[in-house]
Every structure is written in C-alpha cells, then in structure tokens.
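Student: I am new to this structure. Please take me closely through one part of it, the largest pocket, and the helix that helps to line it.

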Amino acid sequence: MTTGEGTTTAPEVLHYTAFSADPGGGNPAGVVLDASRLDDDGMLAVAARLGYSESAFLTPPPEGLPGEPGRAFTIRYFSPRAEVPFCGHATVAAAVALGERIGPGALVFATPVGPVPVTVTERDGALRATLTSVEPRVDDVAAEDVTEALAALDWPAGDLDPALPPRIAFAGARHLVLAAATRGRLARLAYDFDRLAALMLRLDLTTVQLVWRESPTVFHVRDPFPVGGVVEDPATGAAAAAFGAYARELGLVPEAAVLTLYQGEDLGRPGELTVELRADDRRVRVSGTGTRI
C-alpha cells in the first residue's frame with residue numbers, strides 16, 4: 001500500500017496549469033497519470049503536499065465505460081483537505097497531459113459524478129481541452145443563507161446585481177452564484193474564511209461563484225474555496241459549467257451561446273474559460289488551454 005510519495009514506488013506527479021497557455025497563469029493542478037499504487041490517504045497526501053486547489057489521479061477505467069481503448073480512465077480529485085466530486089481545471093490539466101503523450105482526440109473520464117467526455121485539439125502547437133459536463137441543475141437558495149454568505153464576505157446586500165439573482169448551480173459540483181454590481185466590488189475580496197467555510201459545508205458547496213457581468217456574454221469571476229483549504233481558486237471549470245447552466249436557466253443568455261469567463265486576474269494568474277451552451281443539449285461544455293509548469 002502506498003500512502004504518499006515517500007516510498008520507492010511513488011508515482012510521477014506532473015504539474016500543469018489549466019485555462020492558460022502561460023505557466024504563470026490559470027489554475028495549477030497536480031496530475032498523476034497512474035495512481036493505481038495510491039490509496040485514498042496517499043492521494044490526499046499528494047494533494048496536501050502540492051497545495052494546489054485540486055489534483056487529479058487517474059486509474060484504469062471501470063468495465064463498460066465507453067471510449068477508445070487507451071483513452072478512457074477513472075479520475076478522482078483531491079483538494080489539500082478532502083476529495084471533491086468534480087473539478088474542471090484538473091480535468092483540463094489531465095486531458096492536456098494525456099494529449100501530449102497519446103495525441104489529441106477524444107477521451108472519457110469516469111468521475112465520481114458520472115462520465116465526462118473530453119476532446120483535446122491542437123492549434124498552432126497549443127493543446128486545448130473541452131469537457132462536457134454531467135446534466136446540470138439550478139436550485140433556489142434560502143434568503144437567510146444568502147444573508148450569511150454576504151456577512152462572511154463582508155458584502156453589503158446593495159452591492160449585488162439584481163439582474164443576476166443568487167442561486168445554487170450544479171454541473172458536477174454545487175456552487176453558490178452571487179453577482180457583484182461593479183467590477184470594483186468583485187476586486188475587493190477579503191472574507192471570513194472559517195465563517196464562509198461553515199456555511200459552505202452546511203450547504204454542500206464546492207465554491208462560491210462571484211461574478212460581474214461586463215457584457216451580454218463576457219463575465220469576470222472569482223471563487224472562494226475555503227472548504228478545500230484554499231482561500232481562492234484561480235480558475236474554476238466546474239463553477240464555469242454550473243454558471244453556464246445558471247445563465248441559461250435564468251434567461252440571461254440564449255439557449256445556444258458562447259460565454260467568456262475571465263478569472264484569476266485579481267490573483268495575478270489570469271485565465272480564460274470558454275463556456276458553450278447548445279440548444280439541443282442541456283449539458284455544458286467548458287474549454288481552455290493548458291500547459292506544463
């Protein structure tokens with residue numbers, strides 16, 4: 001049994017960033033392409049040592065998972081504190097790492113929330129991964145929970161954008177969507193870590209998706225992630241997928257639309273996430289570049 005990297009059988013841990021072609025941008029993730037020698041404690045130990053918001057661990061696919069032989073995998077995601085059900089940026093990072101080794105094309109990941117197809121393409125020497133989410137949903141959130149979230153964030157209620165009402169959105173993981181009325185409000189983020197974490201644990205949230213709308217299809221976002229032991233996630237693919245479902249459900253965008261989400265600028269790690277909505281498919285597609293760190 002392997003419980004970390006301090007043994008002679010420790011697997012190779014790769015370092016990739018997702019949603020940026022610049023190693024200094026986007027969201028870093030650890031990627032273990034063969035985690036078959038790691039148990040749960042070992043995966044958590046690797047993730048904790050790396051300190052990234054999440055790391056991805058790949059093992060052989062379950063029987064019956066569709067996909068081309070050699071291009072289908074089981075994938076699990078660990079933050080420094082715990083396993084998470086789904087992580088978009090670590091999926092993109094793993095897909096780019098695989099694309100470099102086995103070439104562009106279709107991949108399938110068996111995630112804890114269901115199968116997630118990913119397509120890797122190459123353009124001008126850069127790899128880009130597009131994941132297709134599980135079936136999303138958007139739920140109401142109690143007024144008292146919004147009040148508590150705002151108190152933890154130290155955001156006055158008047159700083160919210162009434163055109164984008166609070167909701168909990170899911171496309172593999174649950175995220176509370178709160179919209180700032182101004183870019184300046186979004187930029188000023190100094191929150192009560194423990195208080196927000198307690199609320200998120202009670203509501204089973206992975207992040208809080210803070211968003212400011214620049215134009216009909218362009219948004220700036222930030223994602224506090226105290227439940228993962230990280231103050232803020234630099235680029236959050238799972239939240240981007242959830243937000244795409246939210247925007248469509250509330251009629252903020254057409255049934256078929258392409259949205260651009262900018263994230264990480266306020267952290268000095270700028271990234272760009274593309275969210276595609278299709279009229280004939282309720283699932284959400286999230287794409288971005290990635291590169292080895």
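Tutor: Start with the residue classes: Ala, Val, Leu, Ile, Met, Phe, Trp, Tyr, Cys and Pro count as nonpolar, Asp, Glu, Lys and Arg as charged, and the others, Gly among them, as polar. Keep in mind that this is a predicted model.

Now the pocket. The largest pocket holds about 230 Å³ of space. Its lining is made of 18 residues. By class, 11 of them are nonpolar, four are polar and three are charged. Nearest the centre of the pocket lie Val84, Pro85, Asp204, Leu205 and Thr206. Two elements that each give at least two residues to this lining are β5 (83-84) and α5 (193-203).

Look next at α5. Which of its residues are buried? They are Leu196, Ala197, Leu199, Met200 and Leu203. Why do they share a side of α5? These buried residues span an arc of only 165° around the axis, so they fall on the same side of the helix. A general rule helps here. An α-helix has 3.6 residues a turn, so residues three or four places apart point the same way.

Turn to the other side of α5. Asp194, Leu201 and Arg202 are exposed there. And what covers the buried residues? The cover includes the helix α3 (143-153) and the strands β11 (174-179), β12 (207-215) and β13 (218-225).

Then follow the chain out of the helix. Just after α5 comes Asp204, with a positive phi of about 60°. Asp204 is also one of the residues nearest the centre of the largest pocket.

One of the covering strands, β13, runs from 218 to 225. Phe219 belongs to an aromatic cluster with Phe243 and Tyr246. The rings of Phe243 and Tyr246 have centres 5.5 Å apart and planes at 25°, so this pair is stacked. Planes under 30 degrees apart count as stacked. Phe243 and Tyr246 are three residues apart in helix α6, which means about one helical turn separates them. Both of these residues are buried.

Across the whole structure there are six aromatic pairs. Another of them joins Tyr77 and Phe86. Their ring centres are 5.8 Å apart and their planes stand at 85°, so this pair is edge-to-face. Tyr77 and Phe86 are both buried.

Terms used: Residues are numbered from 1 along each chain as its sequence is written. This is a predicted model: local features need pLDDT of at least 70, side-chain atom pairs count only at pLDDT 80 or more; totals for chains, interfaces and linings use all residues. Side-chain values use heavy atoms; hydrogens and water are left out. On a 1 Å grid over the protein atoms alone, a cavity is a set of points where a 1.4 Å probe fits but cannot get out, and a pocket is an open set with protein on both sides within 12 Å along at least five of seven lines; lining residues have an atom within 4 Å of a point. Grid points are joined across faces, edges and corners, and a volume is the space filled by probe spheres set on the points. Helices (H or I, at least four residues) and strands (E, at least two) are DSSP runs, numbered from the N terminus. Buried means under 20% relative accessible area, exposed over 50%, partly exposed in between (1.4 Å probe, protein chains only). The arc is that of the directions from the helix axis to the C-beta atoms. Contact means heavy atoms within 4.5 Å. Rings of Phe, Tyr and Trp (its six-membered ring) pair if their centres lie within 6.5 Å; planes under 30 degrees apart count as stacked, over 60 as edge-to-face and the rest as tilted.
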